[in-house]
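I opened the model to look up one helix and one cavity. My entries follow the picture.

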Amino acid sequence: MDKEKLKSRLRDHEYGWVERKTQNIQSDEILEALVGFANSVPKGEKGLLFIGVGDDGSLLDVDNTDKLQKKIHRLAEWCYPPVIYQCQVVEENNIHVVAVIIEASLEKPHFAGPAYIRVGSQFQKASPRLFRELIARTNNMVDAILNERDNNREVYIEDKTRHGMPRTLCKVVDCNPHFATFQTVAAADDIRTAPVDKIYMTMNQGLAMFSIEP
């Protein structure tokens, strides 16, 4: 991410994947941000931890950016699995801010003690249900199905186990490592379940289509 884009994100309070902290940030807060963003950032987005700024985006400075970056590296390596990130120093009017950039992780869930996730504008400990869901998302198909649920998008279901059954417009209800559950848009009481290992995904007219193999 280039410096100008980082500067615009620094003051953009409409962008939800930003955390702003002063240079007095504690190690636990850095770990929360690293793990919380890595576990929660959607594909294609980036979580940004700015250190050296106020909550309102005002620049406050970091005295020793090199020392801070070494600390961040040590903490990222301490996480399990280690969190992949990038650091950039943003300078404006001789004030230095450290930007920590965390992308969606292919190795989630990450841990640094409790499992953290991003909810709205805050980091929270994952509930037992969300913890199990983080584990389930290591399966790419489960992750893809749950992403459709999280974005409240309609999907097509093509059930090849039923000969002649037309494609059906549905919403994702839930998905675990074993089964996905869908609800048809036309009838709220029409619930369909399919084994995850029998599902593959394509796109149809801009919507995800999940085909269920015999």
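Entry 1. I looked up helix 3 (residues 65-78), taking helices (H or I, at least four residues) and strands (E, at least two) as DSSP runs numbered from the N terminus. Helix 3 has 14 residues and reaches 20 Å from first to last C-alpha, close to the 20 Å expected at 1.5 Å a residue. The expected span is 1.5 Å times one less than the number of residues.

Entry 2. This is a predicted model, where local features need pLDDT of at least 70 and side-chain atom pairs count only at pLDDT 80 or more, while totals for chains, interfaces and linings use all residues. Residues are numbered from 1 along each chain as its sequence is written, and side-chain values use heavy atoms, without hydrogens and water.

Entry 3. Which residues of helix 3 are buried (under 20% relative accessible area, 1.4 Å probe, protein chains only)? I found Thr65, Leu68, Ile72, Leu75 and Ala76. They lie on the same side of helix 3 because they cover an arc of only 100 degrees around the axis, taken from the directions from the helix axis to the C-beta atoms. On the other side, Lys67, Lys70, Arg74 and Trp78 are exposed, meaning over 50%.

Entry 4. I looked up what covers the buried residues of helix 3, and the cover includes helix 2 (27-40), strand 2 (46-51), strand 3 (86-92) and strand 4 (95-103). Contact here means heavy atoms within 4.5 Å.

Entry 5. I checked the N-terminal end of helix 3. Asn64 caps that end, with a side-chain oxygen 3.3 Å from the backbone nitrogen of Asp66.

Key:
Polar contact = N/O pair within 3.5 Å; in protein donor to acceptor, adjacent residues only side chain to side chain.
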